[in-house]
Every structure is written in structure tokens, then in C-alpha cells.
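Q: I'd like a close look at the pockets here and at whatever occupies them. Please go slowly and spell out the cut-offs as you use them.

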Amino acid sequence: MRVLSGIQPSGRLHIGNYFGMMKSMIGWQEKADLFCFIVNLHALTTLTDGKTLAANTLEAAADFLALGLDPDKSHFWVQGDVPEHCELTWILHNHTGMGLLERSHSFKDKSARQETPHHGLFSYPVLMAADILLYQADLVPVGKDQKQHLEIARDIAGAFNFVYGPVFNLPEPAIDQDLATVPGIDGQKMSKSYNNAVEIFTGKEELRKKIMSIVTDARAVEDVKDPDSCNLFAIYRLFLDSEGEAELRGRYLRPGLKYGETKKALVERIWEYFAPFRDRREELLTRPDDLRDILAAGAAKAKAVASATMEIVREKTGLKY
Ligand code: ADP
Ligand code: TRP
């Protein structure tokens, strides 16, 4: 089975990315044919500072490798290093209804945040469909926010197959139903682009500042509190097993819980949770050329699969003459 997913290097990776996607992706390398990539072309839709994009790309690679992704057990590469992603995107544009893209929640959301929304944002799901279909993926592990993008990819694959015959496999999303979207410190979805993210790898002081600024309600110490509407609880539970979560829930439901103390405990918890990976990441980042070599080898491996699909697509569409 082919399992595939990508992540944008539009900022430093955060705990929403980790629990929503990275953790399960790393687990898949033992059980499936894994395709994991850094989608720098997608990041161009929101990031126009070239130096930052280049640095974020290498950092995202170091994050994945430090957290346990093994390039020998997977395909691990940077999207922009395999030009077939763009080639297939153009072909798929011709099988993508305007209405399909106009209904995209993420387009509506992101275009409302951009003064003059550009075409890249509109076409974003088509590039994502190309990413998936190029590798004939079976399963795509993503967070809940990507569900509609997966439906769009399936629609586009169906429309293409209807015209040219069964070329593309229809991918299934793999969404962890227990995991609601991880909220940011302001209570909106945690995102690299909303300035509300708790990064996986950050200095302890920076982590402390972030956690201390999680927005909580104004209930007093002696009040009982509502874990289910609390951002702090939603973040804390990610770092607890079911027993620990039940215990914290119990403390919310009894008078006496102090948000400030709970936040301090969470800082320690997060710090310890990622401690085993921190040194390895630092070490990897001191060897950027080795990182580039790993990514180049990964791109060559991915390209072999992508060009086999493109061979069929070129033949079916008549681009091959
Ligand atoms: P961001 O919004 O931070 O730019 P991406 O769009 O690059 O994140 O998402 C990468 C992966 O992480 C996707 O599978 C996405 O569903 C998941 N993800 C992102 N933010 C969250 C979140 N807040 N909660 C759960 N999963 C998330
Ligand atoms: N749009 C995805 C996100 O923001 C990233 C992405 C790009 C992706 N191409 C993909 C995810 C292909 C899964 C499969 O999270």
C-alpha cells in the first residue's frame, strides 16, 4: 500500500503538524510504501521571502529526520525538486471545474486574509491533486482541515479517468477521528500562517512565553472549569495518555485548578516530550550539505515513480506523438 502526504515549509513546524500528520506518517514507514515530502511549491502561495523559504525547507527536513523519518525506509523529498508535479498540475487544470475550486473552504479562508488573492491560492488544490495522483497513492494521512482537498483530488482523478480511462488511483484520506484540529494559543486552528503556533523545536524561554499566553476563560480558581471548551486542555491532552487525560479532566471539574500552574506544568511536559529529538535535530542542522544530499537522493527515488505515471499520462492525452 502507498501512503503519501506533504507538509508546507511556510514556517517552523508546530505541534498541530506533529499530532495531525507527522507522527502518523513516521509510523507508516514500518508498515507501508511511504511517500513523504516538503511542499515548497505550495508554500509559494503565502511566502515570498526566498531566504526564509530555503531555510524553512532545510529545517523541515531536519525536523522530520530528527523525529524518526528514515529516508531508507521511505521516499522523502522536496516537491519542487521533481518537475513532474508542475507538469501534471497543468494537465489536471483541464479537468477541474471552476465551481469545485470556488467551493474550497481553504481558498475562501485564505483569500479573505490576502488583500488581492492571486491565482496560486485558487489553484492550490490542483497542485495538491497532482502531488497525490502522480504517485498513485492509496492513503493520505492529513489533519481534518485537509479533508476537502482530498475530495477535490478524488473528483479531479475521476474526471480525468472518465475522459481517458482508468489512469489514476482514487486516494482515501486517513484522518485520525480522535484528534480534533489542534487549536493555537489564540483558540483558532494552530497554523504556521496565523502566528499562533507552538513550535515543536524552540527555545525553552520561547516555549514558556507561548504556553503562558494561551487564551483561557476568566473563571476563578474556586470555579469549576470546562475542559471541552478550553484551549489549554485541548493542547495538554495531546501529551497525556488516557489515564493522564482523565485525571486532568477531573481537576477541571473540581474547584481549585489554576490555569497559570497548569500552563507551567505543560511547558515542562512539552520540553521533555521532544527532548530525545532535540539534539539530533541540532546536529543535523550543522551539516546542511548532508541534508541536501539526502533530499537529492530522495528526489531521484520519487522521480522514478513520477515519471512512470507521466509516461502513461503523456501517452493517453496525446502529448506523446
Ligand atoms: P499550517 O496550517 O500550519 O501551514 P499545513 O497546512 O502545512 O499546516 O499542514 C500540514 C499537515 O499538518 C496537514 O496534514 C494538516 O492537516 C496538519 N495540521 C496543520 N495544522 C493542524 C492543526 N492545527 N491540527 C491538526 N493538524 C494540523
Ligand atoms: N495542502 C496540504 C496542507 O496544507 C499540504 C499538501 C500538499 C499535501 N500536497 C499534499 C498533503 C499532498 C497531502 C498530500 O497541509
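A: Here is a walk through the largest pocket, its ligands and then the second largest pocket.

First, the ground rules. This is a predicted model, where local features need pLDDT of at least 70 and side-chain atom pairs count only at pLDDT 80 or more, while totals for chains, interfaces and linings use all residues. Residues are numbered from 1 along each chain as its sequence is written, chains are lettered from A and ligands numbered from 1 in the order in which they are written, and side-chain values use heavy atoms, leaving out hydrogens and water.

Start with the largest pocket, which holds about 840 Å³ of space. A pocket here is an open set of points on a 1 Å grid over the protein atoms alone, where a 1.4 Å probe fits and protein lies on both sides within 12 Å along at least five of seven lines; a lining residue has an atom within 4 Å of a point. For the volume, grid points are joined across faces, edges and corners, and the space filled by probe spheres set on them is taken. This pocket has 42 lining residues, with Q8, N17, D145, Q146 and K189 nearest its centre. β1, α1, α6 (105-113), α7 and α8 (147-164) each give at least two residues to that lining; helices (H or I, at least four residues) and strands (E, at least two) are DSSP runs numbered from the N terminus. Sorted by class, the lining comes to 15 nonpolar, 19 polar and eight charged residues. Ala, Val, Leu, Ile, Met, Phe, Trp, Tyr, Cys and Pro count as nonpolar, Asp, Glu, Lys and Arg as charged, and the others, Gly among them, as polar.

So who lives there? Ligand 1 takes up space in this largest pocket, and so does ligand 2; a molecule sits in a pocket if more than half of its atoms lie within 2 Å of the grid points.

Around ligand 1 there are 18 residues, and H14, G143, D145, V182 and K192 come nearest; a residue is near if one of its heavy atoms lies within 4 Å. Helix α1 (residues 15-28) provides the largest share of this shell, four residues. The shell counts five nonpolar, 10 polar and three charged residues. Now the polar contacts, that is, pairs of N or O atoms within 3.5 Å. The side chain of D145 puts an N or O atom 2.5 Å from an oxygen of ligand 1, a polar backbone atom of M190 is 3.0 Å from one of the ligand 1 nitrogens, and a polar side-chain atom of S191 lies 2.9 Å from an oxygen of ligand 1. On its own, ligand 1 exposes 530 Å², and the protein buries 95% of that, using the Shrake-Rupley method with a 1.4 Å probe.

Over at ligand 2, 14 residues make up the surroundings, the closest being Q8, Y124, M128, D131 and Q146. β1 (2-7) and α7 (119-133) each supply at least two of the shell residues, and α7 gives the most, with four. By class, the shell has eight nonpolar, five polar and one charged. The Q8 side chain has an N or O atom 3.2 Å from an oxygen of ligand 2. Polar side-chain atoms also approach nitrogen atoms of ligand 2, at 2.7 Å for Y124 and 2.6 Å for D131. Taken alone, ligand 2 exposes 360 Å², of which the protein buries 90%.

Last, the second largest pocket, with about 290 Å³ of space. Its lining has 18 residues, and F19, K23, D176, L179 and L238 are closest to its centre. α1 and α11 (242-253) are the elements that give two or more residues to this lining, with the largest share, five residues, coming from α1. The lining divides into 10 nonpolar, three polar and five charged residues.

Notes
A polar contact is a pair of N or O atoms within 3.5 Å; within protein, one must be able to donate a hydrogen and the other to accept it, and residues adjacent in sequence count only if both atoms are side-chain atoms.
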